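Subject: Structure handover

Hello,

Here is the structure you are taking over, with its sequence. My notes on what turned up in it follow below.

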Amino acid sequence: MDSNILITILMYGGIFFVFYWFVIRKQKKKATEARDMLSSMGVGDKVMTIGGLHGVIDEVNEKTVVLDCEGIFLTFERNAIRQIIEKASLTPTEDDNNETNTLTEDDVEADVEEVVEPVEESGDESALQDDSHERD
């Protein structure tokens, strides 16, 4: 009778060991990799969110990241980033850190000098009429 109890205890111990080895250990490894990925995010990295949205990191804060999605800036929790698709290729140098991203008066004047020519109005107002009432 005592040998049956001992065998049963060893079987449960073996099952626990296999469960730990294949499930819990791999889960901890994935969690560590995800934590490392989130801590290595930087400005300019191309990322994908858990919702499938692709964007470029514009700003990294303590708990959030700001993504540039084709000119639209969206704020996400850091944990909402699923993967880094491409790391930023340029690393900042000391010279880049000393530069400021402010506009000078010359930059503003150059933008003001660019003038868009107005579209000439034609005297034909029939092109402006709504033809939707003529449907049969």
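**Notes on the model**

W21 has a relative accessible area of 40% and is partly exposed, because that class runs between 20% and 50%. Please keep in mind that this is a predicted model.

I begin with the aromatic contacts around that residue. The count of aromatic pairs comes to one. The partners are F17 and W21, which are stacked, with 6.3 Å from centre to centre and 25° between the planes. The pair counts as stacked because its angle of 25° is under the limit of 30 degrees. Both residues belong to helix α1, which covers residues 2–39, and they are four residues apart, about one turn of the helix. In an α-helix there are 3.6 residues a turn, so residues three or four places apart point the same way. F17 is exposed, at a relative accessible area of 52%. R25 also takes part here: its charged end sits over the ring of W21, 4.2 Å from the ring centre.

What does the helix itself look like? At 1.5 Å a residue, the 38 residues of α1 should span 56 Å. The C-alpha atoms at its ends are 53 Å apart, which agrees. There is nevertheless a kink of about 40° in α1, and its centre is Y20.

Next, the charged side chains. How many salt bridges does the count give? It comes to one. The bridge joins the side chains of K87 and D45, at 3.2 Å from N to O. This pair links distant parts of the chain, as K87 and D45 are 42 residues apart. K87 is in the loop between β5 (81–86) and α2 (94–98), while D45 is in the loop between α1 and β1 (46–49). Are the two ends of the bridge buried or exposed? K87 is partly exposed at 43% relative accessibility. D45, at 2%, is buried, because the buried class takes in values under 20%.

Last, the strands. Strand β3 (residues 64–69) pairs with strand β4 (residues 72–77) in the antiparallel sense, over six bridges. T64 stands opposite E77 of β4. The two strands, β3 and β4, make a hairpin with two residues between them. One residue in that turn, E70, has a positive phi of about 55°.

Regards

Methods. Residues are numbered from 1 along each chain as its sequence is written. This is a predicted model: local features need pLDDT of at least 70, side-chain atom pairs count only at pLDDT 80 or more; totals for chains, interfaces and linings use all residues. Side-chain values use heavy atoms; hydrogens and water are left out. Rings of Phe, Tyr and Trp (its six-membered ring) pair if their centres lie within 6.5 Å; planes under 30 degrees apart count as stacked, over 60 as edge-to-face and the rest as tilted. Buried means under 20% relative accessible area, exposed over 50%, partly exposed in between (1.4 Å probe, protein chains only). A charge sits over a ring if NZ of Lys or CZ of Arg is within 6 Å of the ring centre and within 35 degrees of the ring normal. A salt bridge is a side-chain nitrogen of Lys or Arg within 4 Å of a carboxyl oxygen of Asp or Glu. The expected span of a helix is 1.5 Å times one less than its number of residues. The bend at a residue is the angle between axes fitted to the seven residues ending there and the seven starting there. Two strands pair if DSSP finds at least two bridges between them.
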